[in-house]
Amino acid sequence: MRGAPIVKGACNPSSANPDPPTCCIALPRLERMTVDAAPSVDSSTRAILDALPYAWLIVLDDFRILDLSEGARAFNLASTGTLGDRGVRRLVTNAIRTQKPHELDLELRGAVPGAASRFIRVRSCPLNERMCALLIEDVSHAMRVDAMRRDFIVNVSHELKTPVGALLLLAEAVKSASDDVISQQRFVNRMRTEAERLSRLVNDLSDLSRLQSDAYPVHGNAIPVSRIVAEAVDSVRLIAQRREITFIVGNFDRLQVQGNEEQLVTALRNLLTNAIAYSAENTRVSVSGRLSAGFVEISVTDQGIGISESDRERIFERFYRVDPARSRATGGTGLGLSIVKHICASHGGECVVWSEPGEGSTFTLRLPAASAS
Ligand code: ADP
């Protein structure tokens, strides 16, 4: 094949895939080739394939592999020099028969039971009447992001349905109780509660989407931690008083962090709101601060119900609640800790939790200290 004339070819969109990778591959023409005389791949074809952002294999119509890129070995599609997977073989046959590109999504199960699967997209591009290039793209991350997005939409619709459904029912109830002013008043109060829930949810969702779209770390002025704590504590003082929960606020002198004050107050407020919501009446919530290895640590400690180890691993996920009924009853949206996590991350920090069921919890915001501290 070396020195054989080169004909220009192109990967045409297959009907199944209107938007395949744009590639224009110089095709080695095969002349007077016998079944046993396997052609080799010329260096220009290989160079073009190497320039594409895919792992690649070159395969004959009898599924023998002529050549493959280093990256393609990781996908284990070939054993003893021949393509193994039936689906991929069909892809090769179809591409050579129709002289058009074809595409297939494949799940590669983990070698060890329980290991995560990988997902790949394989595209076959005919090179000539007997040879085909397979371009392989690892789409595992994209698939995972897509699945998360779908889950999120399902969760959001579910969360919205509850208050919206309740509002519709309550509006009907108000209408049919037109002669009963006391009942009407009760229904209207419940309507207000549901509307407030809806408004909290919408606010949390918009906070979260804003935080997630902030691709860059937050910069800003050095902010005294005492100011963040005072603002956050003030904003929840009334609900704490209603439940007779006492705040014990430590000393934050000289502690400063850098960033967005409004976001940091939101993060701390969410922790305080939870400390109140998941504690019994007449208990204490303390807020303390310290400097540790260049990080300011602001801790919120409660004497509440605590969280088991398996739940601790999940509470920062969007809409994850240990006890959904309790969370809803206390006005929770299931997004509070998710918001905290994103705020910490965008400030170059993290939120860590210590907790034991029945013994209370401590949530700590760890944020890089501003240089003045
Ligand atoms: P929610 O709006 O439900 O409070 P969050 O994201 O703020 O949502 O918290 C997720 C879950 O973590 C809560 O539903 C609750 O089960 C648990 N949780 C959070 N903070 C505490 C706490 N201080 N004590 C006990 N459980 C907590």
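**Exercise 1. Find where H5 bends, and by how much.**

Step 1: go to valine 236, where H5 (a DSSP run of H or I, at least four residues, numbered from the N terminus) bends by about 45 degrees. The bend is the angle between axes fitted to the seven residues ending there and the seven starting there.

Step 2: check the span. H5 has 18 residues and reaches 26 Å from its first C-alpha to its last, close to the 26 Å expected at 1.5 Å a residue; the expected span is 1.5 Å times one less than the number of residues.

Step 3: look just past the end of H5, where glutamate 244 takes a positive phi of about 50 degrees.

A word on the model: it's predicted, so local features need pLDDT of at least 70 and side-chain atom pairs count only at pLDDT 80 or more, while totals for chains, interfaces and linings use all residues. Residues are numbered from 1 along each chain as its sequence is written, and side-chain values use heavy atoms, with hydrogens and water left out.

**Exercise 2. Work out which residues of H5 are buried, and what covers them.**

Step 1: list the buried ones (under 20% relative accessible area, 1.4 Å probe, protein chains only): Val225, Ile228, Val229, Ala232, Val233, Val236 and Ala240. Valine 236, the bend residue, is on that list.

Step 2: recall the helix geometry. An α-helix has 3.6 residues a turn, so residues three or four places apart point the same way.

Step 3: name the cover. It includes H6, S13 and S14.

**Exercise 3. Do the same job on H3 (residues 140-176).**

Step 1: get the span. H3 has 37 residues and reaches 54 Å, close to the 54 Å expected.

Step 2: find the bend. H3 turns by about 25 degrees at lysine 161, and proline 163 follows within four residues.

Step 3: find what's tucked away. Pro163 is buried, as are Val156, Glu159 and Leu170, among others. Strands S8 and S9 (E runs of at least two residues) are among the elements that cover the buried residues of H3, along with H4 and H8.

**Exercise 4. Describe the lining of the largest pocket.**

Step 1: count. There are 50 lining residues, with Thr273, Asn274, Thr330, Gly331 and Gly332 nearest the centre.

Step 2: trace the source. H6 gives the largest share, 9 residues.

Step 3: for the pocket itself, the definition is an open set of points on a 1 Å grid over the protein atoms alone, where a 1.4 Å probe fits, with protein on both sides within 12 Å along at least five of seven lines; lining residues have an atom within 4 Å of a point.

Conventions
Buried means under 20% relative accessible area, exposed over 50%, partly exposed in between (1.4 Å probe, protein chains only). Contact means heavy atoms within 4.5 Å.
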